[in-house]
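Student: Could you take me through one part of this structure closely? I would like to look at a single helix and how its neighbourhood is put together.

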Amino acid sequence: MKPAAVITGTDAGGTVPVWDPLVRIFHWTLVAAFFSAYMLGDDGGTVHQALGYGVLGLVAFRLLWGVFGTHHARFSSFVPTPGKLVAYLKDLVARREARHLGHNPAGAVMILALLLMLIGTGTTGWLLSDLYWGSERVEDLHEAFANGTLVLVGLHVAGVVFSSLRHRENLVRAMFNGRKRA
């Protein structure tokens, strides 16, 4: 008889690969770059700018990987229709939501919101450094996008903790080793 890993795709611990190495490297590099730029703030000068451009580059990579990447990285595998999102949220409130091997619908929408907020932050930062240097209006917009990103990150982390507890799986560990319970 063949081992279970050959038959089901699981390893000896009953886990399957979900997050590929590029998704995981992207995720943790983005965390480090965004928070470093945020902590440096305006006083960070060229380092802050370089980190901001790095964030934009990472987001560009993720958008491409969302089209051409591995199964669970592709937007087509996890971005829900509005109807599926509403159904998931109703099930969540009723405490009967399904566990998802990849992103659940709420997590998928959070990813899209974070990517859009990061694009806004990076774009307004670029505008400040090149076209609108000293523009208080663009600076306020840049700061609003950065703070909005921070709020979304807090909600993202809360969602990860909630989902980890609810489904009894360590999603943070999965973002390091790439594997989830089958």
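Tutor: Here is a walk around helix α3 and the parts that surround it. Keep in mind that this is a predicted model.

Let's start with the helix itself. Helix α3 has 24 residues, and at 1.5 Å a residue these should span 34 Å; the end C-alpha atoms are 35 Å apart, so the model agrees with the expected span. Its buried residues are His48, Val55, Leu58, Val59, Arg62, Trp65 and Gly66. What do they pack against? The buried residues of α3 meet four other helices, namely α2, α4, α6 and α7.

Now to the nonpolar side of the story. In soluble globular proteins, nonpolar side chains tend to be buried together. Here the largest nonpolar core holds 13 residues, and those that touch the most other members are Phe26, Leu30, Val55, Val59, Phe78, Leu115 and Leu118. At least two residues of this core come from each of α2 (21-40), α3 (45-68), α4 (75-78) and α6 (105-130). A second core of eight residues is separate from this one, and Val18, Val23, Ala73 and Met175 are among its members.

Phe78 is worth a pause. Leaving aside residues up to four places away in sequence, Phe78 touches Arg62, His72, Ala73, His103, Ala108 and Ile111. Arg62 in that list is one of the buried residues of α3, while Ala73 is included in the second core.

Next, the aromatic rings. A pair of aromatic rings is described by the distance of the centres and the angle of the planes. The model has six aromatic pairs. In one of them, Phe26 and Phe61 have ring centres 6.3 Å apart and planes at 45 degrees, so this pair is tilted. Because Phe26 belongs to helix α2 and Phe61 to helix α3, the pair ties together parts that are 35 residues apart in sequence. Are these two residues buried or exposed? Phe26 counts as buried, because its relative accessibility is 8% and the limit for burial is under 20%. Phe61, at 26%, counts as partly exposed. Ring pairs also bring in Trp65, giving a cluster of Phe26, Phe61 and Trp65; Trp65 is another of the buried residues of α3.

Helix α2 takes part in another aromatic pair as well. The rings of Trp28 and Phe176 have centres 4.5 Å apart and planes at 15 degrees, so this pair is stacked. Trp28 sits in helix α2 and Phe176 in helix α8 (residues 171-177), so that distant parts of the chain, 148 residues apart, are linked. Trp28 is partly exposed at 30% relative accessibility, whereas Phe176 is exposed, with a relative accessible area of 52%.

Finally, a look at helix α7, one of the helices that the buried residues of α3 pack against. His167 lies in α7, which covers residues 136-167. With 13% relative accessibility, His167 counts as buried. The His167 side chain makes a polar contact of 3.5 Å with the side chain of Glu97. Apart from residues up to four places away in sequence, His167 touches Glu97, Ala98, Arg99 and Arg181. Leu165 is found in α7 too, but Leu165 is exposed, with a relative accessible area of 66%.

Conventions:
Residues are numbered from 1 along each chain as its sequence is written. This is a predicted model: local features need pLDDT of at least 70, side-chain atom pairs count only at pLDDT 80 or more; totals for chains, interfaces and linings use all residues. Side-chain values use heavy atoms; hydrogens and water are left out. Buried means under 20% relative accessible area, exposed over 50%, partly exposed in between (1.4 Å probe, protein chains only). A polar contact is a pair of N or O atoms within 3.5 Å; within protein, one must be able to donate a hydrogen and the other to accept it, and residues adjacent in sequence count only if both atoms are side-chain atoms. Contact means heavy atoms within 4.5 Å. A nonpolar core is a set of buried Ala, Val, Leu, Ile, Met, Phe, Trp, Tyr and Cys residues joined through side-chain atoms within 4.5 Å. The expected span of a helix is 1.5 Å times one less than its number of residues. Rings of Phe, Tyr and Trp (its six-membered ring) pair if their centres lie within 6.5 Å; planes under 30 degrees apart count as stacked, over 60 as edge-to-face and the rest as tilted.
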